[in-house]
Amino acid sequence: AAKEVQREEAAMSNATKTLQKPAWDAKRVGNLLLNNALFILMGIAIVYIAIKNPRFIQPASIINILSQTAAYLPAALGIGGCIVLTGTDLSAGRIVGLTACISASLLQNAANVANKMWPQIGTLPIWVVIPAAMVIGAAFGAFNGFFVAKFKLHPFIVTLGTQLIVYTLLLLYVQMGNNNGMAISNLDKSYTDFVKGELFNVGGTAVPRYVLFAVILAVLMWFIWNKTTFGKNMFALGSNEEAARVSGVNVLMTTVLVFALAGAMYGWTGFVEGARVGSNTANTGVNYELDAIAACVIGGVSFVGGIGKVSGIIIGVIMLRLIFVALPLVGMDQNLQYAIKGGIILFACALDMRKYLVKK
């Protein structure tokens with residue numbers, strides 16, 4: 001009799017689980033859809049645009065998206081590390097602008113002295129200008145990291161101050177030499193070929209070399225984040241600063257290095273932008289930090305700290321570029337892009353916080 005009762009109880013328990021399973025599955029599917037709502041909505045928008053305007057999926061358009069992704073990706077990879085530390089970097093765009101103008105001014109065509117900013121120094125070798133731009137960017141990044149770690153200031157405040165300082169330096173720089181505030185152009189062919197030269201050709205449309213450089217940097221950043229002690233310390237510090245400190249992580253050094261690495265990425269972005277834009281002014285690089293932050297949050301880099309993947313940042317940059325390349329193809333006013341960026345950032349951050357609260 002006792003065994004019969006146990007069998008009946010077990011049968012009832014199994015029946016209860018069976019009845020509850022659809023509800024659990026429905027809840028799980030609902031959470032999955034909500035957590036990925038941004039990707040779903042952007043995917044629907046992309047499909048709609050491709051149907052409405054088939055030019056969107058032609059080789060020329062795809063290569064344009066790929067090229068823009070490669071141009072913006074290094075800056076996003078830099079800011080991604082700052083966000084992993086529960087911070088951000090508002091100075092990124094101005095550092096890109098400053099290093100772009102410096103790179104362009106040092107790599108102008110020496111044959112046309114009248115339009116050269118520094119006619120007395122000629123055209124410097126590319127392999128001198130690249131490390132110079134990255135060191136300048138890294139110096140500003142280290143400056144940010146030092147104030148964040150040493151004085152416990154919020155990265156928002158520190159990088160806002162640095163943004164204003166760098167912008168002032170940029171305004172002063174474009175007034176120097178023979179430039180007098182004019183756009184810095186007349187770039188040497190070796191510079192433009194190095195950055196924008198044809199890597200290979202698809203359907204008559206050239207893929208520029210800086211796409212390859214972006215891939216190399218992405219692989220390098222993935223290795224740093226996932227296979228080095230520095231990367232492990234970065235994620236540990238972002239997850240729990242006090243626990244990381246107790247575990248022997250040098251909080252000051254790690255923070256400074258994360259921001260310095262981000263600055264080096266901005267310096268590289270500036271070097272590329274100098275040739276890609278071709279005519280550099282004090283407005284070069286403006287709002288690049290907004291695109292980078294938006295791409296990171298779309299790609300799952302969490303502002304709660306300690307969460308993020310290089311692959312997610314790459315996907316975020318691609319998705320963002322897809323949307324902004326697609327807007328003109330459906331006749332939408334490009335002036336709306338800032339409102340769309342703001343909405344994407346707010347929506348992505350809201351979803352990120354929801355995931356955090358659910359886990360908590």
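A residue counts as buried when its relative accessible area is under 20%, as exposed when that area is over 50%, and as partly exposed in between. By that scale Phe143, with a relative accessible area of 36%, is partly exposed. The model is a predicted one, and this briefing takes up helix 7, the hairpin that involves strand 1 and strand 2, the aromatic pairs and a few backbone details.

**Helix 7 and what covers it**

- Helix 7 spans residues 189-196, and its buried residues are Tyr191, Thr192, Phe194 and Val195. These residues lie on the same side of helix 7, because they cover an arc of only 160° around the axis.
- The elements that cover the buried residues of helix 7 include helix 4 (92-106) and helix 5 (126-150), together with strand 2 (205-208), helix 8 (210-227) and helix 11 (251-277).

**The hairpin of strand 1 and strand 2**

- Strand 1, made up of residues 198-202, pairs with strand 2 in the antiparallel sense, and the pairing runs over four bridges. Within this pairing, Phe200 stands opposite Val207 of strand 2.
- Two residues lie between the strands of this hairpin, and Gly203 takes a positive phi there, near 60°.

**Aromatic pairs and the aromatic cluster**

- The structure holds 13 aromatic pairs, among them a tilted pair formed by Phe143 and Phe147, with 4.8 Å from centre to centre and 50° between the planes.
- Phe143 and Phe147 are separated by about one helical turn, because they are four residues apart in helix 5. An α-helix has 3.6 residues a turn, so residues three or four places apart point the same way.
- Phe147, like Phe143, is partly exposed: the relative accessibility is 28% for Phe147 and the relative accessible area is 36% for Phe143.
- Phe213 and Trp268 form an edge-to-face pair, in which the centres are 5.6 Å apart and the planes stand at 85° to each other. Phe213 belongs to helix 8 and Trp268 to helix 11, so this pair ties together parts that are 55 residues apart in sequence.
- Both partners of this edge-to-face pair are buried, since Phe213 has a relative accessibility of 17% and Trp268 has one of 11%.
- One aromatic cluster is formed by Trp127, Tyr191, Phe194, Phe213, Trp268 and Phe271; Tyr191 and Phe194 are also listed among the buried residues of helix 7.

**Charges over rings**

- The charged end of Arg94 sits over the ring of Tyr167, at 3.7 Å from the centre of that ring.
- Arg321 lies over the face of Tyr72, and the distance to the ring centre is 4.1 Å.

**Backbone details in helix 5 and the loops**

- Pro131 has its place in helix 5, where this proline is partly exposed with a relative accessible area of 37%. The C-alpha atoms of Pro131 and Gly248 are separated by 32 Å, and the two residues are 117 residues apart along the chain.
- Most residues other than glycine have a negative phi, and most peptide bonds are trans. Lys152, which is not a glycine, nevertheless has a positive phi near 55°. Lys152 is found in the loop between helix 5 and helix 6 (155-173), and at 51% relative accessibility this lysine counts as exposed.
- Asn186 likewise has a positive phi, of about 55°, although it is not a glycine. Asn186 lies in the loop between helix 6 and helix 7, and it is partly exposed, with a relative accessible area of 25%.

Key. Residues numbered from 1 in each chain as written. Predicted model: local features only at pLDDT ≥ 70, side-chain atom pairs only at ≥ 80, totals over all residues. Heavy atoms only, no water. Buried < 20%, exposed > 50% of the residue type's maximum accessible area, 1.4 Å probe, protein only. Arc of directions from axis to C-beta. Contact = heavy atoms within 4.5 Å. Pairing = 2+ DSSP bridges. Phe/Tyr/Trp six-rings, centres within 6.5 Å; stacked < 30°, edge-to-face > 60°. Lys NZ or Arg CZ within 6 Å of the ring centre and 35° of its normal.
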